[in-house]
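Please find below my notes on this entry, set out as numbered points. They go through the packing of the helices, the core and the sheet in turn.

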Amino acid sequence: MRVGSYLLTVEPRRASSPLHGVVTAVAAIVVALVLSSVLFLPAEGGPLHAYRVVFAYAFADRYGFLATVHRAIYLLLCTFAFLVPFRAGLWNIGLPSQVYAGGLAAFAVPALLGGPDLTTPPVAPGLLVGLMVVAGVAGGAVLAAVAGLLRARLNVNEILVTMMLNSVFFWLVAYMIKEGGPFMSATGEGEGFGLPAFLHAPLWAGIPFTALLAVGAAALLDWLFARTALGYRIRAFGLNPQAARYGGIDPLTLPLLVFVVGGAFGGLAGYHYFAAVPGVYKIPGNYGYYGDLAFYGIICALIARGSGVGAVPVALLFAGLSLGARLAQGQLHLPFGVDYALLGLLMMTFVASHVLYQCQPVWRPAAAPAVPPVSADAAEG
């Protein structure tokens, strides 16, 4: 674009410091909150009071903060489910189906042992909880392997496959927990049976052990991508599959591997929210809500720019704002959907900050316009 005697162009940024990434992310949050203040204009007390309610519940209230942590763990695991294939240049959009598969597989353990009537542990409760975790991880991994295998062997678009699996598993969960399904609650309430107390996940200060798994996985993934040969192969495949093939990287096993690992995280997310969060311990009738929530894992991974550790504060922020805005919506008599609108604006500003992180505006003096030659007759006239 020409502005006076200068040209304004947008060019890829050659290098960015970590500080620049933090500054752009913080700026995105501030801009989103300023824009979202319009949503809180009808609130009693105005936007500032509404934000006070949102942040006080999400990060200062004991019970609200615990709910934020539980949701952040879920978002973080969904983030990893997307992030691992994404580093290999592949898009795993099947987070909801992998969450459902993990939840169903985890609940299959007590269902096979006795279902809703299971009252006494047949073996050590700790062993049963471990089996549920393993089953959840395996359920998500096996389902994701379908997309990875089709991509590797037949070059089938992984986005289409994972999206179709989301729809299939949405209805499969409905069959399993409703209308006579094997996971239906004993009272037929349109949701899964509740887990007995001995199958509840161990808690430390109200936080389940899945928090340690999520935080440990964040550090492990960053170490994997930065320090190991496998991480190098995944990154190389993501940057240029053709060059990676000439470099000796197997184009058949690597897509399958990243989808299996990603699906395992999705399955663990399903175990966490349906079997490890106090007050849930069942597959609720509104399970579709948690499936939709899983898509925020994609946003968290993109905002964190592929970093597992960087995704931790992003997931915590999204979890807190979604819960705090939902509380403010009811407490301050705001219109329905304020929480979704707030998260939507936050996503838009983060996407814009991502563009600014990768590109930069450049000003250059514009070349002087060419002067058309003057003919001899015109000069004499």
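1. In this predicted model, the buried residues of helix α12 pack against α3, α4 (95-113), α11 (287-294), α13 (308-331) and α14 (338-358). Helix α12 itself, which spans residues 296-303, is mostly covered, with seven of its eight residues buried. The buried residues are Tyr296, Gly297, Ile298, Ile299, Cys300, Ala301 and Ile303. Just after α12, the backbone at arginine 305 adopts a positive phi of about 55°.

2. Two of the helices that α12 packs against, α3 and α4, also pack on each other, at an angle of about 120° and with their axes 10 Å apart. Their crossing is right-handed. On the α3 side the contact is made by Tyr74, Cys78, Ala81 and Phe82, while α4 contributes Leu95, Gln98 and Val99. By character, the residues of this contact divide into six nonpolar, one polar and no charged.

3. The largest nonpolar core has 111 residues, and those with the most contacts inside it are Tyr74, Tyr271, Ile283 and Phe318. Helix α3 (residues 62-87) supplies the largest share of this core, namely 13 residues. Tyr74 thus deserves a remark in both settings, being listed among the core residues with the most contacts and also taking part in the contact of α3 with α4. As general background, nonpolar side chains in soluble globular proteins tend to be buried together.

4. Which residues does isoleucine 283 touch, leaving aside its neighbours within four places in sequence? The contacts of isoleucine 283 are with Gly103, Leu104, Phe107, Val173, Ile177, Phe183, Glu191, Gly192 and Phe274. Among these partners, Gly103, Leu104 and Phe107 belong to α4, which covers 95-113.

5. Turning to the sheet, three strands form an open arrangement in the order β1-β2-β5, with antiparallel pairing. Strands β1 (2-3) and β5 (359-365) stand at the edges and have a single partner strand each, so one side of each is left without a neighbour in the sheet. Strand β2 (residues 6-12) is joined to β5 by seven bridges, the two running antiparallel. One residue pair to inspect is glutamate 11, whose bridge partner in β5 is glutamine 360. Helix α14 packs on the sheet, where it touches β2 and β5, and its direction makes about 50° with that of β5. Helix α14 is also one of the elements against which the buried residues of α12 pack.

How values were computed
Residues numbered from 1 in each chain as written. Predicted model: local features only at pLDDT ≥ 70, side-chain atom pairs only at ≥ 80, totals over all residues. Heavy atoms only, no water. Core = buried A, V, L, I, M, F, W, Y, C linked by side-chain atoms within 4.5 Å. Buried < 20%, exposed > 50% of the residue type's maximum accessible area, 1.4 Å probe, protein only. Helix = DSSP H or I, 4+ residues; strand = E, 2+ residues; numbered from the N terminus. Contact = heavy atoms within 4.5 Å. Axes fitted to C-alpha atoms, helices over the stretch in contact; angles between N-to-C directions. Left-handed = near helix turned anticlockwise from the far one by under 90°. Nonpolar A, V, L, I, M, F, W, Y, C, P; charged D, E, K, R; others polar. Pairing = 2+ DSSP bridges.
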